[in-house]
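Student: I'm new to this one and I'd like a close look at a single part of it. Could you pick a spot, walk me through what surrounds it, and then work outwards?

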Amino acid sequence: MAAKLAYRRALLKVSGEAFAGRAGAGIDFGVIERVSDELKQVAATGVQLGLVVGGGNILRGTTASQQGMDRVSADYMGMLATIINALALQDILEKQGVDTRVMTAIRMEELAEPYIRRRAVRHLEKGRMVISAGGTGNPYFSTDTAAVLRALEIEAQVILKATNVDGVYTADPKKDPKAEFIPELSFQDALVKGYAVMDANAFGLCKENKLPIVVFNINQPGATARVLAGERVGTIVK
Ligand code: UDP
C-alpha cells in the first residue's frame, strides 16, 4: 500500500458505464465488484474519498426526452437511476468491509440519508466513503456537474474522473492511430483545443475554482490508489 498520501480528500466520479460491463447497459455486478476492489485499496490508504455515481447505464434524460418523454420527468428518472447504482455499489463495498454512506440529493430517507454537507464531511472524517447519489437534485444538470459541486463542497483537493480510456488524447485513440496521449494539460488548453474532459458546466466550475481533474482508466488495477498516492497516472488538468 502506498505510504505517502498526495491527497487527503478526493472525489471520484464513476459514470454509469462503469456499472454496465460489456453489455453497455444495465448493471453487471461482477464489474461493480472490480470497482469495489479498487475502492477498498483506496480506503486502506486513509484517503478520505467521496464518490458521485452516474446513471447513464440505466437512463439518460436527453435520450428519453428525444423519444418523447417530458425532459424534466426524464431527468428525474435519470437521477433515480443514479440512486439505483449507488445502492448496488454500497452493497458490494460493505460486503468487502468498506464503511459507506449513501447520501441523496432527492430525499429518500427509507433508503439513504439526505445530502447534508456537514454530515458528509463528518462521515469522511470518520473514514466512511460517502456515495452521493441523485446528481444535483435538479433537472438539466449532469452527474459530472454534481461531482464537481460535491468536490467543492467537501473541499476535495482533486476530482478523479474514472473512464475506460487511459486519459486525454489528441484524438480518439480507438479511431486514430496517430492519437497522442497528453499527461498534463492546463484548463485553458483543454478549453481552446476542445478536449472533452467533462461537460462544459462541470469543466467551467473546475476551471473557475482551480480544482484539478485527473482523467484515468479505472480498469487498470490499482490505478485509483496510485493516482491518490500522487503517481503520474492518467491525465491531470490543472
Ligand atoms: N441528471 C439530472 N440532474 C443531475 C444529474 C443527473 O437531471 O444533477 C439526470 C440526467 O437526465 C442524466 C441522468 O440523470 O442524463 C444520468 O446522469 P448522467 O448522464 O450524468 O450519468 P453518467 O453519464 O455519468 O452515467
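Tutor: Sure, let's start at Lys 13. Setting aside neighbours within four places in sequence, Lys 13 is in contact with Val 52, Gly 54, Thr 143, Asp 144, Ala 147, Leu 160, Lys 161 and Ala 162. Keep in mind as we go that this is a predicted model. Lys 13 sits in strand S1, which covers residues 9–14. Is this lysine buried or exposed? Lys 13 is buried, because its relative accessible area is 3%, and the cut-off for buried is under 20%.

Now look at who those partners are. Thr 143, Asp 144 and Ala 147 are among the buried residues of helix H6, a helix that runs over residues 143–153. Val 52 belongs to strand S2, which spans 48–53, and Leu 160, Lys 161 and Ala 162 fall in strand S6, residues 158–163.

So let's move on to H6 itself. How many of its 11 residues are buried? Eight of them are, and H6 is mostly covered. The full set is Thr 143, Asp 144, Thr 145, Ala 146, Ala 147, Val 148, Arg 150 and Ala 151. What covers these buried residues includes S1, where we began, along with S2, H4, S5, S6 and H8.

The loops on either side of H6 are worth a look too. Tyr 140 is found in the loop between strand S5 (129–133) and H6, and Glu 155 lies in the loop between H6 and S6. As a bit of background, most residues other than glycine have a negative phi. Tyr 140, though, has a positive phi near 70 degrees, and Glu 155 has a positive phi of about 60 degrees without being a glycine. Tyr 140 counts as exposed because its relative accessibility is 51%, and exposed means over 50%. Glu 155 is exposed as well, with a relative accessible area of 53%.

Next, follow one of the elements that cover H6, namely H8. This helix takes in residues 200–209, and Ala 202, Phe 203 and Cys 206 are buried in it. Looking down the axis of H8, you'd find its buried residues within an arc of 95 degrees, so they line one face of the helix. On the other side of H8, Ala 200 and Glu 208 are exposed. What do the buried residues of H8 pack against? They pack against H6 and S6, and also against helix H7 (187–192), strand S10 (213–217) and strand S11 (235–237).

Back at S2, keep going along the chain and you reach Asn 57, in the loop between S2 and helix H3 (61–66). Don't let the word "loop" fool you about its cover: Asn 57 is buried, at a relative accessible area of 4%. Not counting residues up to four places away in sequence, Asn 57 touches Gly 16, Glu 17, Phe 19, Ala 20, Ala 25, Gly 26, Ile 27 and Asn 85.

One of those contacts, Asn 85, has a number that falls in helix H4, which spans residues 71–95 and also holds Met 77. Met 77 counts as partly exposed, at 36% relative accessibility. Its contacts, again leaving out residues up to four places away in sequence, are Leu 59 and Met 69. From Met 77 to Phe 19 there are 58 residues along the chain, and their C-alpha atoms are separated by 17 Å.

For one more bearing, try Asp 37 in helix H2, residues 29–45. Asp 37 is partly exposed, with 38% relative accessibility. Between Asp 37 and Ala 202, a buried residue of H8, the C-alpha atoms are separated by 27 Å, with the two positions 165 residues apart along the chain.

Now zoom out. The protein chain has nine helices and 11 strands. Its radius of gyration is 17 Å, close to the 18 Å that the globule rule gives for 238 residues, so the chain is as compact as a globular protein of that length. Along the principal axes, the C-alpha atoms fill a box of roughly 50 × 50 × 35 Å. Buried residues make up 51% of the chain. Of the contacts with a separation of 6 or more, 72% are between residues 24 or more positions apart.

Methods. Residues are numbered from 1 along each chain as its sequence is written. This is a predicted model: local features need pLDDT of at least 70, side-chain atom pairs count only at pLDDT 80 or more; totals for chains, interfaces and linings use all residues. Side-chain values use heavy atoms; hydrogens and water are left out. Helices (H or I, at least four residues) and strands (E, at least two) are DSSP runs, numbered from the N terminus. The radius of gyration is taken over C-alpha atoms; the globule rule is 2.2 Å times the number of residues to the power 0.38. Buried means under 20% relative accessible area, exposed over 50%, partly exposed in between (1.4 Å probe, protein chains only). Contact means heavy atoms within 4.5 Å. The arc is that of the directions from the helix axis to the C-beta atoms.
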